[in-house]
Amino acid sequence: MEEKKQKVRKDYIEEAKKSLSKIIEEIFIRLSSAMKVAQIYEPNNLTFIRHLNLLFNLIQNILKSEKKAVFQFRQNTLFFNTDIVKFDFRSYHNFKFLADEFRKKEIGTLGFEPGLSEGELTQFITLFVDDEVKKENPFEDFEAILKEKGIGHIFLEKMHPFEVARGVREEKLQKSAIKVFFKSITHLKEVVEREKQKERVQLKTTRRLMQSIINLVSQNESFMVGLTNIKNYDEYTLNHSVNVTVLSICFGRRLGLERKELVDLGVSAFFHDIGKVEVPEEILNKPDKLDDNEFDIMKTHPWHGAQKLACVKELNILPVTAINVAMEHHIWENLGGGSYPKFWKKKRTDFFSKIAKICDFFDAVTTERPYRKETATREEAVSWMLEKSGSEFDAILLKVFADMVGIYPIGSLVVLDTEEWGIVMETNPEMALMTCPKVKIIADKDGNKIDGGIIDLAEKDLKTEKFKKKIVKTLDPFKYDINVSEHFLTTSA
Ligand SMILES: [Fe+2]
Ligand SMILES: [Fe+2]
């Protein structure tokens, strides 16, 4: 009997928690819609009045049960009265909108107190959207306006300076990373077009792009590696070549290459598949497996690539390594196995070719292709590659690469012991903490899609000294129709 009572009580608490979080989410959605409406309509407009009325009633309800309603932004996460607010994907854009608006005014906390009137709320929202953001003291200026208007039941707290600086820095960096990434795809597209027209390739632009990628990699390697989750954005070969370039530069940096060498490595990786312009499109884009004859034609691309690059006039800008990488990126470490071209007779491949081979394989097998039955998850790819360590891939280099992408590579879809789902956003640089990356929570334990913010799995519970959460298994994002790259793009959307 007692057990039954306890269960009823537990169910009741769970239900109450769920309905409270629904109301909070609703308030947030209403707040963002009221602000958007206020940007267009005057306060006496009926649409605005209706939105505001709905919002006001919701806040009143919550103030009755909770006594206060405090929203706080911290580390891209929203808290309500110290609890994390979980979002459904449908309301995610509302969250982004408000987070951006609050950041512009450097508002970290927004609170409503009992006694709040509809008039105060109307004024607050109207002033919020009317007030031109002053760059120097956005928070202080806005707070002063609220005081002047006598708005006493709404209070604000300034965002921590660290949060402001972090937000600005990260956002700027991520935006330029995305820009450079897509610019590189466009540039390669132009190169291919010019190549087809027998026009000169603009190598100076290529080198400049490599410089930008190196700068971005040295500031946020994880984010750049994360961007290589973007697949099939344009024609496969273009997107793939840029991914191999980014991975090779990250890899080269880990190996301690100097800046000039990194540029050369980047250029070499960028053009590694340029020979594919000579492969007929019906073979390149064939939805089924290639037959022997077609595969033989496909296998000519390293030779064509090397030949094309050798004919480039500006050899002082194009590194010789580019010719080698184009020729050798399908040659195995033991020179056997599925190596091609078969007429290749050197005793060993070049250093940059070994790097490009690893990055090329990793990106290719993790990309969905119509002719391939199964696409490997990123961790499956690493484990396949480790099986071929020393035979297909250079053993030492492969070890460094595996460390770079981690046991749980950036972009992996993982399940935690709390039954939440997340995406690996950053690996832990410490060897002992390789199983504890930073993870963005994308679904709660009930399978609802949410934006749970980024958590560090290296965090320990102070009492038990055990990790608060840990990874129990990985899943294939393709099977669950989850587009991993979206999570890297939306972080700075
Ligand atoms: Fe290739
Ligand atoms: Fe390739």
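1. A donor, in what follows, is an N, O or S atom within 2.8 Å of the metal, and since water is not among the atoms, a site may look incomplete. With that in mind, the iron ion (ligand 2) and the iron ion (ligand 1) are 3.5 Å apart, and D273 coordinates both of them. The model is a predicted one, and the points below should be read accordingly.

2. For the iron ion (ligand 2), the protein donors are H240 through NE2, H272 through NE2, D273 through OD and D360 through OD, at 2.0 to 2.3 Å from the metal. Along the sequence these donor residues follow the spacing H-x31-H-D-x86-D. The pair H240 and H272 joins distant parts of the chain, 32 residues apart, with H240 in helix α9 (residues 236–254) and H272 in the loop between α10 (259–270) and α11 (281–284).

3. Which geometry does the site of the iron ion (ligand 2) have? The angles among its four donor atoms run from 80 to 174°, and the site is irregular. For reference, four tetrahedral donors would ideally subtend 109.5 degrees, and six octahedral ones 90 or 180 degrees.

4. Is H240 buried or exposed? H240 has a relative accessible area of 2%, and because the cut-off for a buried residue is under 20%, H240 counts as buried; H272 is buried as well. Leaving out residues up to four places away in sequence, H240 touches H272, D273, D360, D363 and A364, and among these H272, D273 and D360 are themselves donors to the iron ion (ligand 2).

5. At the level of the whole chain, the domain assignment gives domain 1 (2–159), domain 2 (174–405) and domain 3 (413–476). The centres of domain 1 and domain 2, taken over C-alpha atoms, are separated by 48 Å.

6. The largest nonpolar core comprises 80 residues, and L227, F271 and F401 are those with the most contacts inside it. Helix α6 (residues 161–196) makes the greatest contribution to this core, with nine residues. Because domain 2 (174–405) and domain 3 (413–476) both give residues to this core, it lies between them.

7. Beyond its neighbours within four places in sequence, F401 is in contact with F251, I358, C359, F362 and M385. Apart from the largest core there is a second, separate one of 44 residues, which includes L58, I62, F139 and L156.

Key:
Residues are numbered from 1 along each chain as its sequence is written. Chains are lettered from A and ligands numbered from 1 in the order in which they are written. This is a predicted model: local features need pLDDT of at least 70, side-chain atom pairs count only at pLDDT 80 or more; totals for chains, interfaces and linings use all residues. Side-chain values use heavy atoms; hydrogens and water are left out. Domain bounds come from an automatic or database domain assignment. Donors are N, O and S atoms within 2.8 Å of the metal (3.2 Å for Na, K and Ca); water is not among the atoms, so sites may look incomplete. Four donors count as tetrahedral if all angles lie between 85 and 135 degrees; four count as square planar and six as octahedral if opposite donors are over 155 degrees apart and all others between 65 and 115; anything else is irregular. Helices (H or I, at least four residues) and strands (E, at least two) are DSSP runs, numbered from the N terminus. Buried means under 20% relative accessible area, exposed over 50%, partly exposed in between (1.4 Å probe, protein chains only). A nonpolar core is a set of buried Ala, Val, Leu, Ile, Met, Phe, Trp, Tyr and Cys residues joined through side-chain atoms within 4.5 Å. Contact means heavy atoms within 4.5 Å.
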